[in-house]
Amino acid sequence: FVGAALSAIQQLDAEGLRHELGRALDVLSPAATTQQLLVPLIHDIGNLWAEGGLKASHEHLGTAVLRRFIEGPEMARETPPDAPRLLVTTPAGECHELGALLATATATDAGWHVTYLGPDLPAVEIAAAARQRGVRAIGLSLVCPADAGIIRDELRTLRRHLGDSMGLIIGTMPE
């Protein structure tokens, strides 16, 4: 599944990628699809993009299709009303959302009720959304921030607005 999905991305074939994702769901559970397809595929996309093996257009197409897939009804899971709540996004200055999408799928598989807000959100907005949704924690993805100084300032602002009691989980791309 991973090779076929990556091939579709390399060919800028959105329909082919959707087909491969659907084919995986025909065989695997949503949780297995996350672990056996989405995790390695997103890692491969990130690594190939960082090495120059994929262009921005390939990464954008993959991200767009994966976002719809992860948020779509096929991957939806029932979560009990008392499930812990998690808000997932990327901070202002970080426009790459593949890591955040992967965190969303993984947390959903683990039984969390996830609110996904997309990429590039200012700290003040993240804090306000977290309070409004009553989340236990916030998950942030940092892959390729445009300016490390802006990210550092955003994280400090976020912590200041959240206080020390709210969990903050930050995922980065491995070196």
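In the predicted model, Thr90 touches His96, Glu97, Ala100, Gly118, Pro119, Asp120, Leu121, Ile126 and Ser141, with residues up to four places away in sequence left out of the count. Thr90 belongs to the loop between E1 and helix H5 (98–109). Its relative accessible area is 0%, so Thr90 is buried. A polar contact accompanies this burial. The side chain of Thr90 reaches the backbone nitrogen of Asp120 at 2.6 Å. Asp120 is also among the residues that Thr90 touches.

Thr89 comes next. This residue lies in strand E1 (residues 85–89). Thr89 has a relative accessibility of 0% and therefore counts as buried. A polar atom of the Thr89 side chain lies 2.6 Å from the backbone oxygen of Gly118. With residues up to four places away in sequence not counted, Thr89 touches Ala100, Leu117, Gly118, Leu121, Ile126, Gly139, Leu140 and Ser141. Gly118 thus appears both as a polar partner of Thr89 and in the contact list of Thr90. Ala100, Leu121, Ile126 and Ser141 are likewise touched by Thr89 and by Thr90. The backbone partner of the Thr89 side chain is an oxygen, that of Gly118; for the Thr90 side chain it is a nitrogen, that of Asp120.

The strand that holds Thr89 is part of a sheet. Four strands form this open sheet in the order E2-E1-E3-E4, with parallel pairing. Strand E2 (113–116) and strand E4 (167–172) are the edge strands, each pairing on one side only. On average, neighbouring strands of the sheet are turned by 20° against each other, direction ignored. E1 pairs with strand E3 (residues 137–142) in the parallel sense, over 4 bridges. Within this pair, Thr89 stands opposite Leu140 in E3. Leu140 is also one of the contacts of Thr89.

Helix H6 (residues 123–133) lies across E1, E2 and E3. The helix runs at about 160° to E1. Buried residues in H6 are Ala123, Ile126, Ala127, Ala129 and Ala130. These residues lie on the same side of H6, because they cover an arc of only 165° around the axis. Their cover includes E1, E3 and helix H7 (148–162). Ile126, one of the buried residues of H6, is touched by Thr89 and by Thr90. Just after H6, Gly134 takes a positive phi of about 65°.

The whole chain sets the context for these local features. The protein comprises 7 helices and 4 strands. Along the sequence, these elements follow the pattern α-α-α-α-β-α-β-α-β-α-β. The radius of gyration is 16 Å, close to the 16 Å that the globule rule gives for 175 residues, so the protein is as compact as a globular protein of that length. Its C-alpha trace spans about 45 × 40 × 25 Å along the principal axes. Of the 175 residues, 44% count as buried. Among contacts with a separation of 6 or more, 79% come from residues 24 or more positions apart.

Notes. Residues numbered from 1 in each chain as written. Predicted model: local features only at pLDDT ≥ 70, side-chain atom pairs only at ≥ 80, totals over all residues. Heavy atoms only, no water. Helix = DSSP H or I, 4+ residues; strand = E, 2+ residues; numbered from the N terminus. Buried < 20%, exposed > 50% of the residue type's maximum accessible area, 1.4 Å probe, protein only. Polar contact = N/O pair within 3.5 Å; in protein donor to acceptor, adjacent residues only side chain to side chain. Contact = heavy atoms within 4.5 Å. Pairing = 2+ DSSP bridges. Axes fitted to C-alpha atoms, helices over the stretch in contact; angles between N-to-C directions. Arc of directions from axis to C-beta. Rg over C-alpha atoms; globule rule 2.2 N^0.38 Å.
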